[in-house]
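Grab your viewer and work through the exercises below. Each one has a task, followed by a step-by-step solution.

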Amino acid sequence: MKVPADSIIAREKISGYLLRQDRNDKSAFLASGGFTAMNADLLSAEIRAILRGADATQVDDPKFGRYYEIVGLLRARRESACGSGPSE
């Protein structure tokens, strides 16, 4: 199934869960690709780009119940040599 283009991606889920450094190793993994709490909007934009071209697959998990999985590749962000901001 397709995820609606106007789906809400809560900023708190991005900055307070995925990019929260003291909580888990997700933030370290994402930071290695250039995504930090300081540029959380970039991660949100990359997730939206994945949503546009992918289908969500229903997954049934006995511990967490039903959820949907979307598989895609995040494009890493890296600072330019002069430090002027992210580039592809």
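### Warm-up: the chain as a whole

Buried residues (under 20% relative accessible area, where exposed is over 50% and partly exposed is in between, with a 1.4 Å probe and protein chains only) make up 23% of the 88 residues in the chain. This is a predicted model, in which local features need pLDDT of at least 70 and side-chain atom pairs count only at pLDDT 80 or more, while totals for chains, interfaces and linings use all residues. Residues are numbered from 1 along each chain as its sequence is written, and side-chain values use heavy atoms, with hydrogens and water left out.

### Exercise 1: the fold on paper

Task: work out in which order the helices and strands of the chain run.

Solution. Start with the inventory: the chain has three helices and four strands (DSSP runs numbered from the N terminus, H or I with at least four residues for helices, E with at least two for strands). Next, read them off from the N terminus, which gives α-α-α-β-β-β-β. Last, check the contacts (heavy atoms within 4.5 Å): of those in the chain with a separation of 6 or more, 43% are between residues 24 or more positions apart.

### Exercise 2: the core

Task: find which residues form the largest nonpolar core.

Solution. Apply the rule: a nonpolar core is a set of buried Ala, Val, Leu, Ile, Met, Phe, Trp, Tyr and Cys residues joined through side-chain atoms within 4.5 Å. That yields six residues, namely Ile14, Leu19, Leu30, Phe35, Ala40 and Leu43. Now zoom in on Leu43: leaving out residues up to four places away in sequence, Leu43 touches Ile14, Leu18, Leu19, Leu30, Phe35 and Leu74. As background, nonpolar side chains tend to be buried together in soluble globular proteins.

### Exercise 3: two residues, buried or exposed?

Task: decide whether Glu46 is buried or exposed, and do likewise for Asp41.

Solution. First, place them: Glu46 lies in helix α3, and Asp41 is in helix α3 too. Then look at accessibility. Glu46 counts as buried because its relative accessibility is 5%, whereas Asp41 has 54% and therefore counts as exposed. Finally, check the surroundings. Not counting residues up to four places away in sequence, Glu46 touches Phe35, Leu74, Arg75 and Arg77. The C-alpha atoms of Glu46 and Arg75 are separated by 7.1 Å, although the two are 29 residues apart along the chain. For Asp41 and Arg11, 30 residues apart along the chain, the C-alpha separation is 8.1 Å.

### Exercise 4: a loop residue

Task: describe where Asn39 sits and which backbone nitrogen lies 2.7 Å from a polar atom of its side chain.

Solution. Asn39 is in the loop between α2 (26–32) and α3. With a relative accessibility of 15%, Asn39 counts as buried. Along the chain, Asn39 and Ser15 are 24 residues apart, and their C-alpha atoms are separated by 9.0 Å. The backbone nitrogen in the task belongs to Thr36.

### Exercise 5: a strand residue

Task: find what Tyr67 is in contact with, leaving aside its neighbours within four places in sequence.

Solution. Locate Tyr67 in strand β2 (residues 65–69). Its relative accessible area is 35%, so Tyr67 is partly exposed. Listing the contacts of Tyr67 beyond those neighbours gives Thr57, Gln58, Val59 and Asp61.

Note on methods:
Polar contact = N/O pair within 3.5 Å; in protein donor to acceptor, adjacent residues only side chain to side chain.
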